[in-house]
Amino acid sequence: MSTDNIEKLYKHFGVLADAKDKVSEHEDDYLEILKAVKGSDKEKRLASQFIARFFKYFPTLTDQAIEAQLDLCEDEDLAIRKQAIKDLPRLCQDLKDYTQRIADILAQLLQAQDSSELSVVHNSLMSLLKLDPKGTLTGIFSQIFNGDDASREQCLKFLTVKVKNQGTDIFDKESEDFLISEAKKVLQDVTAEEFHLLMELLNATRLGKTVSGQKDLVDIAAEQAELDQPFNPSDPENESFDRLVNCVKHALPYFSKQLESTRFVTYFCDEVLPQLHLVGGADEGSGADQQLELLNLLAELSTFCGTLEKAETRVDKVFTRLLDYMPLPPDGETTDEAEPRLDFSHVECLIYSYHRLGRQCPDALAKDAEKLKDFRLRLHYFARSVQGYMKKLQEALRGKTGEELKSEENKLKVVALKTTSNINTLIKDLFHTPPSFKSVITLSWKPANASYTSDRALEKESVRAGNKRHTPITFGDASPKHPRTVGSNPREIYTPPSGKYSNKVSSYMPQRGGVRGNRSRGRGFGGRTRGPWRRNY
């Protein structure tokens, strides 16, 4: 019986194929093909191909034909589903009015669990994008705005990955403008992961290629960072910290001499530095990693900071925080145990920030003789410790082969040497009378001759990895009262040859909280239900 049905199916196909310009006169044959979606597996696969082949000739049957094709997309047999999904774009080949509807359906199918089926969905969506970019984007964004969270996430990932890989050559100006406009609308209510995906997507458009476009991206990051709101280091959900870190990391790659980071630096000086000791909790040592993360970002932001309002006041806040990490020399004889703890990584960030920003008010420190004298005492003591540590590190690394330097322990020593060398260079500058702000260094966690505007790969990796790039370098007491761990992995520790020198290493992985916090929860967790496939257009 099935063989007879297949023969009949081919017969109906033959009638339509031979009719040429008079195909539309054979509506009964097309209806018989539509009925075949209820037949055997082979009938279904043939029906999928035949429905798409003659779809444009029967405008009164388009809804019925799409419904039949969707039945095949929902079939239990994987091979039939893949065939039907593959044929979906052909429905729009000559009837672009249906692109949005088909794109919306394919966008929902991005949740397919089978990798081979998902690959077919991707290919079909790409075919549609090349055929009708704006119509396809309209369908995809319809799911982003109205679909459930799973569909929204998969659509954003699809757009980000495909646009980045394919480039924007598949879009004309109108469709690219539409993509940018719709992405900006989505950014009005996003989670941290969605924010990351959308910023990557927008960077792949023309916005990432011009200074004016990069300014738009920085403006988006600044808006999401809520720089007009107070910084809350005591937030139990860590939202204030997570939001600021995520947004700054996405803005950093775009800063240059043409695009300054002044508003971010202002926020750090006014809101973050005065409360830095509260970040990560009140217990001693519990927030050290998060505090260092913020200081890393401030240092990078300081590189392209423009003219600060109330520069002397704001630079003094950096200076005050720097003094917290640069102790006065101990009085009289001290034991190793009494030696102050020296946080080289923290000091590198702060002394670099002060050195970069201090040039805006170079005479400020010289105005207060007592303050300058106190600072020189601290610099001198710290310089002795830095130089002693550098000597130990140089001895430990001397004669190492390239292969030996690849070991984790030696990598840590190299970073430690870069850190201490940077501090030593800047201390020499600040020892001048009056203090000088002329030396140029590369921060220890940045590659030599790093470009802040072109090193996109490095910055994107740091965003994904939670900034695993910079490890704290300390000197003196290496055991905090409350040692932290990340997950189940204890903090890695390197101990140089001398007993009182130590290099503590941590790897902070910030939690991926929502950029918009609880407001996005209303949208994404239980606030919406999945839209129907068979939506009325």
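D270 sits in helix α14, a good place to start a tour of this predicted model. The protein chain holds 21 helices and 4 strands. Of its 537 residues, 54% are buried. Below you will find the surroundings of D270, then a well-covered helix, and finally the cysteines.

**D270 and its neighbours**

- D270 has a relative accessible area of 27%, so it counts as partly exposed, a class that lies between the 20% and 50% limits.
- Leaving aside residues up to four places away in sequence, D270 touches R314 and K317.
- D270 and R314 are 44 residues apart along the chain, and their C-alpha atoms are separated by 7.0 Å.

**Where α14 meets α16**

- Helix α14 covers residues 262-272 and helix α16 covers residues 311-325; the two pack with their axes 9 Å apart, at an angle of about 60°.
- That angle makes α14 oblique to α16, because it falls neither under 35 degrees nor in the range of 65 to 115 degrees that counts as roughly perpendicular.
- The crossing of these two helices, α14 and α16, is left-handed.
- On the α14 side, the contact is made by T266, C269 and D270, while R314, K317 and V318 make it on the α16 side.
- Sorted by character, the residues of this contact between α14 and α16 comprise 3 charged, 2 nonpolar and 1 polar.

**A mostly covered helix, α6**

- Helix α6 spans residues 99-108, and 9 of its 10 residues are buried, which leaves the helix mostly covered.
- The buried residues of α6 include the charged R101 and D104, and among them are also I102, I105 and L106.
- What do the buried residues of α6 pack against? Their partners are α4 (62-73), α5 (78-87), α7 (115-131), α8 (133-146) and α9 (149-166).

**Contacts across the chain**

- For the protein chain, take the contacts between residues at least 6 apart in sequence: 76% of them join residues at least 24 apart.

**Cysteines**

- How many disulfides does a search of the whole structure find? The search finds 0.
- A disulfide is a covalent bond between the sulfur atoms of two cysteines.
- C92 has 0% relative accessibility, so it counts as buried, the limit being under 20%.
- C349 is buried as well, because its relative accessible area is 0%.
- C269 belongs to the α14 side of the contact with α16 described above.

Terms used
Residues numbered from 1 in each chain as written. Predicted model: local features only at pLDDT ≥ 70, side-chain atom pairs only at ≥ 80, totals over all residues. Heavy atoms only, no water. Disulfide = S-S within 2.5 Å. Buried < 20%, exposed > 50% of the residue type's maximum accessible area, 1.4 Å probe, protein only. Axes fitted to C-alpha atoms, helices over the stretch in contact; angles between N-to-C directions. Parallel < 35°, antiparallel > 145°, perpendicular 65-115°, else oblique. Left-handed = near helix turned anticlockwise from the far one by under 90°. Contact = heavy atoms within 4.5 Å.
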